Amino acid sequence: MEDSIIQLSKETHHTEDLNDIHKYVIPTKRCDQLDIMHSKHRVIVDNNEMGMSILRRTPYNLLIYPALNIWFSRSQKSITFMSGTKIEYLEELVKFDSFIKGKLLEVIRSFENMFLGSFAYHFEMEYKNVFDNMSSTMQQKTGNHNVGTQMTDNRIQLIPMWEQFFSNESVVTINDEIDLWNTLSTEKFLKPNSQIEGLYLDKINSKRFRSSEIKTIKRKFSTQRVRQQIREDLINFCGKSDTSWNLQVGSDNFSHMMNIIRIFRNSSSHPGFILDTKVPLDKKSTIFLHDSKAISENAIHLKNFIYILPYFVSDETVDLFRYEVKKRLLYMSHTKKVPNKHIQRLEKQLGIYIFDS
C-alpha cells in the first residue's frame, strides 16, 4: 500500500524552489499504517494488536521518520530498515532518543549555570573596582549603579545581575548568552543604547546606565579583562590545561562552540529527534580539525558534540553522561528489547561503546 499524496498548488510570480512545494499526505488508519510499515519499510509486525498498541503510544511518523536512518538498509536512498527490524525496536529507538535528549540537557545546563555565574560575577566586580577607584566627588556625580554587591543589615545582598540571571522571572536564553559573550569583544560595550541595554537592562527591567556613569566608566571598564577571566573560569571548570583547551578550542573558536551548544540544546528541547541532528560547521572554526569527516561534510553530528563535552563541562559530568548512556544501551541489549546488531549501530552513532574503557 502506497501513501496517497495530493499536490497543494499555489500561485506564484517567481521561480519556486522544489523545497517550497507543499504536499499533503492523506491520513491513514492505524491498521493501514501497519501495512505500510511492513510493505514499504520492511518493518516486522508480529502481532497487529501489539502494533496498534504501539501506534497509540508513539506516532507513526516518528517510528518511520525518514531522516533518522540509523537502522536503515545501507543502500543509497533506502527507505527500508535493516533486516529483522521490528516495530517494537523502533519504539525503543524513539524512547532512547528521548533519553539522550534529557541527559544532554543536564550536561548543557551545568555549563549554562557556570557561564552565566562567571559572567555576572566578573562583570559586576569590574564595575565595582572602577567605581571604587573614583574620587568621592566623581562617585556622587556618577551615582551608585545597581550592579554590584550591597550591604544591608550587615549582610551582603545578591548582586542584581546574578539575581536577574537566575531568578524564576529571568527570560535570558542561551541566544542571549552568546550575544553577551560576543559583546564583550568590543571596548564599546558600555555606552548609550549599547547591546547590553537591549540584552540585559531592557529585557529584564533593570536600571539603565546613566549618561554620566557611562562617560566616566567606559574608558576604564575593561571588557577584555572580563572576557579573559570568564575564559579562565571555563578552563578551570572543565579541568583542562590551558594548552589542551587552546589546542582543541581556543578563544577564537569559543563563539562557534557556543553556537553548537545552542543548537544541540534547542534540539534537546524539541519533540523531534536529536540522534540525527547536524550542525553546520563554521568555516572559520578550527574546533574539528582532527575529524576529517566533519570537515568534508561541513557538519557536526551528535558524535562530534559528545567529543567536545569535556571542553565545556567537568570530567565528572561527562563520565556520568557516558555511564548513563552505556547503562541504557546495556539494558536494551540484556533485556533483548533491541538486538545487538541494532545496538552496535547506536554505539557507532554516539561514539560510546558499552564495553569501552
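Colleague: What counts as a salt bridge here?

Modeller: A salt bridge is a side-chain nitrogen of Lys or Arg within 4 Å of a carboxyl oxygen of Asp or Glu. Keep in mind that this is a predicted model.

Colleague: OK. Which residue does Asp-356 pair with?

Modeller: Asp-356 pairs with Lys-326. Their closest N and O atoms are 2.5 Å apart. That is within 4 Å, so the pair counts as a salt bridge.

Colleague: Where do the two sit in the chain?

Modeller: Lys-326 is in helix α15. Asp-356 is in the segment after α16 (340–350). They are 30 residues apart, so the pair links distant parts of the chain.

Colleague: Is Lys-326 buried or exposed?

Modeller: Lys-326 is buried, because its relative accessible area is 16% and buried means under 20%. Asp-356 counts as partly exposed, at 24%.

Colleague: How many salt bridges turn up in the whole structure?

Modeller: A search of the whole structure finds 11. Some share partners: Arg-109, Glu-112 and Arg-265 are joined into one network that way.

Colleague: Back to α15. What does Lys-327 pair with?

Modeller: Lys-327 forms a salt bridge with Glu-324. The closest N and O atoms are 3.6 Å apart.

Colleague: How many residues separate those two in the helix?

Modeller: They are three residues apart in helix α15 (residues 315–334), so about one helical turn separates them.

Colleague: And how accessible are they?

Modeller: Lys-327 is partly exposed, at 42% relative accessibility. Glu-324 is partly exposed too, at 22%.

Colleague: New helix. What does Lys-101 meet in α4?

Modeller: The side chain of Lys-101 meets that of Asp-97 in a salt bridge, at 4.0 Å from N to O. The two are four residues apart in helix α4 (residues 87–132), so they too are separated by about one helical turn.

Colleague: Is that Asp-97 buried or exposed?

Modeller: Asp-97 counts as buried, at 1% relative accessibility. Lys-101 counts as buried as well, at 7%.

Colleague: Let's switch to the surface. Which residues form the positive patch?

Modeller: Arg-74, Lys-278, Lys-293, Lys-303 and Lys-348 form a positive surface patch.

Colleague: Pick Lys-278. Where is that one?

Modeller: Lys-278 lies in a loop, between α12 (254–268) and β5 (279–280).

Colleague: Why does Lys-278 count as exposed?

Modeller: Lys-278 counts as exposed because its relative accessible area is 54%, and exposed means over 50%. Patch residues need over 30% and no salt bridge.

Methods: Residues numbered from 1 in each chain as written. Predicted model: local features only at pLDDT ≥ 70, side-chain atom pairs only at ≥ 80, totals over all residues. Heavy atoms only, no water. Patch = residues over 30% accessible without salt bridge, like charges linked within 9 Å, V, L, I, M, F, W, Y side chains within 5 Å. Areas by Shrake-Rupley, 256 points an atom, 1.4 Å probe, with all protein chains shown as cover. Lys, Arg positive; Asp, Glu negative; His and termini not counted. Charge placed at Lys NZ, Arg CZ, Asp CG, Glu CD. Buried < 20%, exposed > 50% of the residue type's maximum accessible area, 1.4 Å probe, protein only.
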